[in-house]
Amino acid sequence: MLALDRIIDAARAAPRSIVLPEGSDPRIAAGARRAAREGIARPILLGPNEEVMAALGGDARGIAIEDPATSPRFQAYAEALHLLRHAKGMDLAAARRRMREPLAFAAMMVRQGDADGTVGGAVATTAETVRAALQIIGLAPGAKIVSSFFLMILCEDYHEQKGAYVFSDCGLVIDPDAAELADIARAAAHSYTAMTGEAPRVAMLSFSTNGSARHQRVDKVVEAVRLVRQAEPDLVIEGELQFDAAFVATVGAAKTAPGSKIRGDANVFIFPNLDAANIGYKIAQRIGGAKAIGPVLQGLAKPANDLSRGCSQDDVFHMIALTCAQAGRTLPVAMSGKIEGVWQNSRPAAASLGETRAG
């Protein structure tokens, strides 16, 4: 069974409430309608009732509709936001204005336990989506940065190797230092386990393999590997590795050290910066024919995910399924912990909250 099918089946076995703030967008409505019809989630669409119903084609079976402007939750949410942000200078009037924004309202639904996760970004920018999640849902215990990953599915007949792989960070952190890169690697390893239920094998990518080149950019990757091993000695991680050494068994056997635990069989690929990651996943998608699902956020206390503004209704459906998988396996652990749960690490660097868009 394909990894994506397993994720969908897991969601169907324990459907979660997923709130979608852009409820009047036809793609969101169609993806939510399919999620409800297939029993993988209990979607909640935000927006004026008549607009959302129009997007749904008049069929709201299995779907809840809520308008932030008229919701009975509005006042309690505004007061909760005021309490959360008053130290930052937010008064109650400002909190009320903020709660009229669907992204913020959706994030507060998740924070307050009225929804298990949220999916936005079909209309809003990455900056807007991540900012609402960070300010209202907040970081997971022990998390330092918010990063992202793409779940890459190789399932076509022409793919010599089939399966699910994580590429990170393809959407947020532009130029991580060694400590941030280590955090991204640990988060991505936990994310892989959350999505697939399988043990991660992490390859820290570079243009060098085991000292074949010398440069400060290589040194950064080597230091990140050291930090990960120090924090989580049981995690299988190797680096620095070129992609072919991490993905192709024959190349891995030729290039890696004799005692290497990864010889062309990595399933989690950590890129040294956003340039490499974003370019890499798009080459895999557009030339290699991989199915790319994401960017999925990691490092938040509860699931909140970002769609591409060019997303399709299928993308919405799949992101709902992945968000359900996150919600079902959300066991935040401190950065010093072992891989016992999932979901940790991350803060978006200020430069990452602009118009950066991985989709």
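This is a short tour of one chain, from the whole fold down to single residues and peptide bonds.

**Whole chain**

Keep in mind that this is a predicted model. Start with everything shown as a cartoon. You should find 13 helices and 11 strands. The radius of gyration is 20 Å, close to the 21 Å that the globule rule gives for 359 residues, so the chain is as compact as a globular protein of that length. Turn the C-alpha trace along its principal axes: the spans are about 65 × 50 × 35 Å.

Now switch on the surface. The chain exposes about 14,500 Å². Carbon and sulfur atoms supply 52% of that area. Of the 359 residues, 56% count as buried.

Next, colour by charge. There are 39 positive and 39 negative side chains. The centres of these two sets lie 2 Å apart.

Then display contacts between residues at least 6 apart in sequence. Of these, 73% join residues at least 24 apart.

**The annotated span**

Select residues 4-324. UniProt lists this range, in an unreviewed entry, as "domain: Phosphate acetyl/butaryl transferase". The span is 45% helix and 18% strand. Pick the C-alpha atoms at its two ends: they lie 12 Å apart.

**Ala213**

Zoom to Ala213. Which two elements flank its loop? They are β7 (201-205) and α9 (216-231).

Is Ala213 buried or partly exposed? Its relative accessibility is 23%, and buried means under 20%. Ala213 therefore counts as partly exposed.

Show the neighbours of Ala213 as sticks. Leaving out residues up to four places away in sequence, Ala213 touches Phe207, Ser208 and Val218.

**From Ala213 to Glu240**

Draw a distance from the C-alpha of Ala213 to that of Glu240. The separation is 10.0 Å. Along the chain, these residues are 27 apart.

Glu240 belongs to strand β8 (residues 236-241). Look at the bond that leads into Glu240. The peptide bond from Gly239 to Glu240 is cis, with omega near 10 degrees. For background, most peptide bonds are trans.

**Pro295**

Last stop: select strand β10 (residues 291-298), where Pro295 lies. Which residue is joined to Pro295 by a cis peptide bond? It is Gly294, and omega is about 5 degrees.

To revisit the cis bonds, select Gly239 with Glu240, then Gly294 with Pro295.

Technical notes: Residues numbered from 1 in each chain as written. Predicted model: local features only at pLDDT ≥ 70, side-chain atom pairs only at ≥ 80, totals over all residues. Heavy atoms only, no water. Helix = DSSP H or I, 4+ residues; strand = E, 2+ residues; numbered from the N terminus. Rg over C-alpha atoms; globule rule 2.2 N^0.38 Å. Buried < 20%, exposed > 50% of the residue type's maximum accessible area, 1.4 Å probe, protein only. Contact = heavy atoms within 4.5 Å. Areas by Shrake-Rupley, 256 points an atom, 1.4 Å probe, with all protein chains shown as cover. Lys, Arg positive; Asp, Glu negative; His and termini not counted. Charge placed at Lys NZ, Arg CZ, Asp CG, Glu CD. UniProt positions renumbered as here; feature names shortened; annotations may be inferred.
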